[in-house]
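Trainee: I would like to request a close look at a single part of this structure, namely its largest pocket. Please set the pocket in the context of the fold that surrounds it.

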Amino acid sequence: MEDCLFCKIVAGQILASIVYQDDDVVAFKDINPQAPVHLLLIPRCHIADMSEITAEDGPLLASLFTTASQLARDLNLEKGYRFVTNVGPHSGQSVFHLHFHLLGGRQMSWPPG
């Protein structure tokens with residue numbers, strides 16, 4: 001989508017602090033971190049949010065989750081981390097391109113918000 005912030009990051013039109021990328025996934029540092037480690041993991045293809053995921057997206061989701069798991073290991077988050085997505089404006093979603101937050105490096109509380 002031409003006006004999607006994250007599609008522009010994928011296309012290289014907007015700079016981001018990218019920590020990982022492959023054919024399916026891009027991971028970059030959040031510009032407003034809520035934890036010592038706060039990365040966003042996005043698919044290269046545009047999916048607005050989790051409600052648009054279909055069964056055909058299974059391999060893509062597996063890639064997102066295995067990438068998150070590997071990044072957590074690489075970043076020494078062995079004490080724990082949070083991997084979360086928001087769906088819709090009431091959840092706090094502000095960029096309507098599927099993205100997961102990988103947060104760690106501090107004690108998390110529950111409920112989250």
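Mentor: The account below begins with the chain as a whole, passes to the sheet and its helix, and then turns to the pocket.

The model is a predicted one. The protein chain contains two helices and five strands, and along the sequence these elements appear in the pattern α-β-β-β-α-β-β. Its radius of gyration is 14 Å, close to the 13 Å that the globule rule gives for 113 residues, so the chain is as compact as a globular protein of that length. The C-alpha trace spans about 35 × 30 × 30 Å along the principal axes.

The five strands make up an open sheet with the order β1-β2-β3-β5-β4 and antiparallel pairing. At its edges stand β1, residues 18–21, and β4, residues 81–84, each of which pairs on one side only. From one strand to the next, the twist averages 15 degrees.

Both edges can be followed in detail. At one of them, β1 and β2 run antiparallel and are joined by three bridges. These two strands form a hairpin, with three residues between them, and within the pair Q21 stands opposite V26 of β2. At the other edge, four bridges join β4 to β5, the strand of residues 100–104, and this pair is likewise antiparallel. Here Y81 has G104 of β5 opposite.

Helix α2, residues 58–74, lies across β1, β2, β3, β4 and β5. Relative to β3, which covers residues 37–43, the helix runs at about 160 degrees. The loop between α2 and β4 holds N76, a residue other than glycine whose phi is nevertheless positive, near 55 degrees.

With that framework in place, the pocket itself can be described. In general, rolling a probe the size of a water molecule over the atoms shows where empty space is left. The largest pocket has a volume of about 740 Å³. Its lining comprises 31 residues, and those closest to the centre are D30, Q34, H38, L40 and H101. Two of these names can be placed on strands already introduced: H38 falls within the range 37–43 of β3, and H101 within the range 100–104 of β5.

Which elements give two or more residues to the lining of the largest pocket? They are α1, spanning residues 5–10, together with β2, β3, β4 and β5. The greatest contribution is that of α1, which gives three residues. By class, the lining is made up of 15 nonpolar, twelve polar and four charged residues.

One backbone feature remains to be recorded in the segment after β5, where P111 has its place. The peptide bond from W110 to P111 is cis, with omega near 0 degrees.

To return to the request, the pocket of about 740 Å³ takes lining residues from helix α1 and from strands β2, β3, β4 and β5, and D30, Q34, H38, L40 and H101 are the lining residues closest to its centre.

Terms used:
Residues numbered from 1 in each chain as written. Predicted model: local features only at pLDDT ≥ 70, side-chain atom pairs only at ≥ 80, totals over all residues. Heavy atoms only, no water. Pairing = 2+ DSSP bridges. Axes fitted to C-alpha atoms, helices over the stretch in contact; angles between N-to-C directions. Contact = heavy atoms within 4.5 Å. 1 Å grid on protein atoms, 1.4 Å probe; cavity = no way out; pocket = protein on both sides within 12 Å on 5 of 7 lines; lining within 4 Å. Points joined across faces, edges and corners; volume = space filled by probe spheres on them. Nonpolar A, V, L, I, M, F, W, Y, C, P; charged D, E, K, R; others polar. Rg over C-alpha atoms; globule rule 2.2 N^0.38 Å.
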